[in-house]
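Reader: Hello! I would like to go through this model with you, one question at a time. Shall we put it on the screen and begin?

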Amino acid sequence: MRSARTIWLWVLAAPAVQAAGFGPPEGTLPFHPLTVAVPAGALSPLRSASLFREESNTGAGPTYYLGAGVAGSRLQIPDSPGATAWQVVPTADCVRLEPVPPALLHTPSVQAVLVQQNPLPMECAAAFEGSCTSRDDKLRITTTFEGRRRAARVGGGFFGTEGTIDTTFYTGLRTLSIEHLPSRLVLRMQERLNNSNGYSAPQTAIRYLPELQRLLLLGASEAQGMPLAQCVALPPR
């Protein structure tokens, strides 16, 4: 049996240390709840979803898809068990997600949106604090922190027995702000930390679809431990 000291060090060092998570959004940028129907035993896009797009042959805007556990046509590997896919269909309010066969995302005309092509740079909402601007200069995403920081050395490695590493524990309030720069409307989410060295990094949960003027928040916030989905219909200007 491992000693209580070893277990405590492992808890401090392991990735299992969880932050509280960002709460539901609020602010002047209006948002709408997004319904996501996930079949029993299937993967949910609120945990991890890849973005795909299909260019139109008629000159219209692209069609966007979400895939959970779908490798797509670029990678010659099988899909994960329970793989699911949805088409993002614009509506008057925002969007709806229509289930489609995952095989659709393997067709040559449908391509995964790579990091270099993503409308949001990779660093958006990925670090503890920071700011980024979308590639079209329409959105600014900023993470700030107000509170106390405590430096400490904890056991490294899987069981906390492979030397020590430096880490920082936070007590306070993190705020994630998404600002639509042309209109100056802002959406905010807040995360409370209590002596925690873990924090939320919802970079892949924020999906910006500039041609549709839509912003999807796929599990970027949560309530009572359950991920939430919202859609923002951005102002036309």
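**Charges, sheet, sulfurs and rings**

Author: Gladly, and let us start with one acidic side chain: Glu 179 has 15% relative accessibility, so it counts as buried. Please keep in mind that this is a predicted model.

Reader: Which side chain in strand E9 meets Glu 179 in a salt bridge?

Author: Glu 179 lies in strand E10 and its partner in strand E9, so the pair ties together parts that are 39 residues apart in sequence. The partner has 31% relative accessibility and therefore counts as partly exposed. The N to O distance is 3.6 Å, and the partner is Arg 140.

Reader: Glu 179 also meets Arg 184 in a salt bridge. Is Arg 184 buried or exposed?

Author: The side chains of Glu 179 and Arg 184 meet at 3.1 Å, N to O. The cut-off for exposed is over 50% relative accessible area. Arg 184 has 54%, so it counts as exposed.

Reader: What is the N to O distance in the salt bridge of Arg 153 and Asp 166?

Author: This pair links distant parts of the chain, with Arg 153 in strand E9 and Asp 166 in strand E10, 13 residues apart. Arg 153 and Asp 166 are both exposed. Their side chains meet with an N to O distance of 2.5 Å.

Reader: How many salt bridges does the structure hold?

Author: Side chains of opposite charge can pair when their charged atoms come close. Some salt bridges share partners, and in this way Arg 53, Glu 55 and Glu 211 are joined into one network. The number for the structure is eight.

Reader: Let us turn to the sheet. Which strands stand at its edges?

Author: The sheet is open and has five strands in the order E6-E5-E4-E3-E7, with antiparallel pairing. Each edge strand has a single partner strand, so one side of each is left without a neighbour in the sheet; these strands are E6 (95–100) and E7 (110–112).

Reader: And what does the twist average from one strand to the next?

Author: Strands of a sheet pair through backbone hydrogen bonds, either parallel or antiparallel. In this sheet the pairing is antiparallel. From one strand to the next, the twist averages 30 degrees.

Reader: Which residue in E7 is the bridge partner of Glu 54?

Author: Strand E3 (residues 50–54) is joined by five bridges to strand E4 (residues 63–68), where Tyr 64 stands opposite Arg 53 and Thr 63 is the bridge partner of Glu 54. E3 is also joined to E7, by three bridges, and these two strands run antiparallel. On the E7 side, the bridge partner of Glu 54 is Val 110.

Reader: Now the sulfurs. Is the disulfide of Cys 94 and Cys 231 left-handed or right-handed?

Author: Cys 94 and Cys 231 are joined with 1.9 Å from S to S, and both are buried. The torsion about their S-S bond is about -80 degrees, so the disulfide is left-handed.

Reader: What is the pairing when the bonded cysteines are numbered in sequence order?

Author: The whole structure has two disulfides. One of them is formed by Cys 124 and Cys 132, a right-handed link with 115 degrees about the S-S bond. Cys 124 counts as buried because its relative accessibility is 3%, and Cys 132 counts as buried because its value is 5%. In sequence order, the pairing is 1-4, 2-3.

Reader: Next, the rings. What is the angle between the planes of Phe 128 and Tyr 199?

Author: A pair of aromatic rings is described by the distance of the centres and the angle of the planes. The structure holds four aromatic pairs. For Phe 128 and Tyr 199 the pair is edge-to-face, with 5.0 Å centre to centre and a plane angle of 75 degrees.

Reader: Is Tyr 199 buried or partly exposed?

Author: Phe 128 has 8% relative accessibility and so counts as buried. Tyr 199 has 33%, so it counts as partly exposed.

Reader: One last question: which ring has the charged end of Arg 150 over it?

Author: One aromatic cluster is formed by Phe 128, Phe 145, Tyr 170 and Tyr 199. As for Arg 150, its charged end sits 4.5 Å from the centre of a ring, that of Phe 169.

Technical notes: Residues numbered from 1 in each chain as written. Predicted model: local features only at pLDDT ≥ 70, side-chain atom pairs only at ≥ 80, totals over all residues. Heavy atoms only, no water. Pairing = 2+ DSSP bridges. Helix = DSSP H or I, 4+ residues; strand = E, 2+ residues; numbered from the N terminus. Axes fitted to C-alpha atoms, helices over the stretch in contact; angles between N-to-C directions. Disulfide = S-S within 2.5 Å. Buried < 20%, exposed > 50% of the residue type's maximum accessible area, 1.4 Å probe, protein only. Phe/Tyr/Trp six-rings, centres within 6.5 Å; stacked < 30°, edge-to-face > 60°. Lys NZ or Arg CZ within 6 Å of the ring centre and 35° of its normal. Salt bridge = Lys/Arg side-chain N within 4 Å of Asp/Glu carboxyl O.
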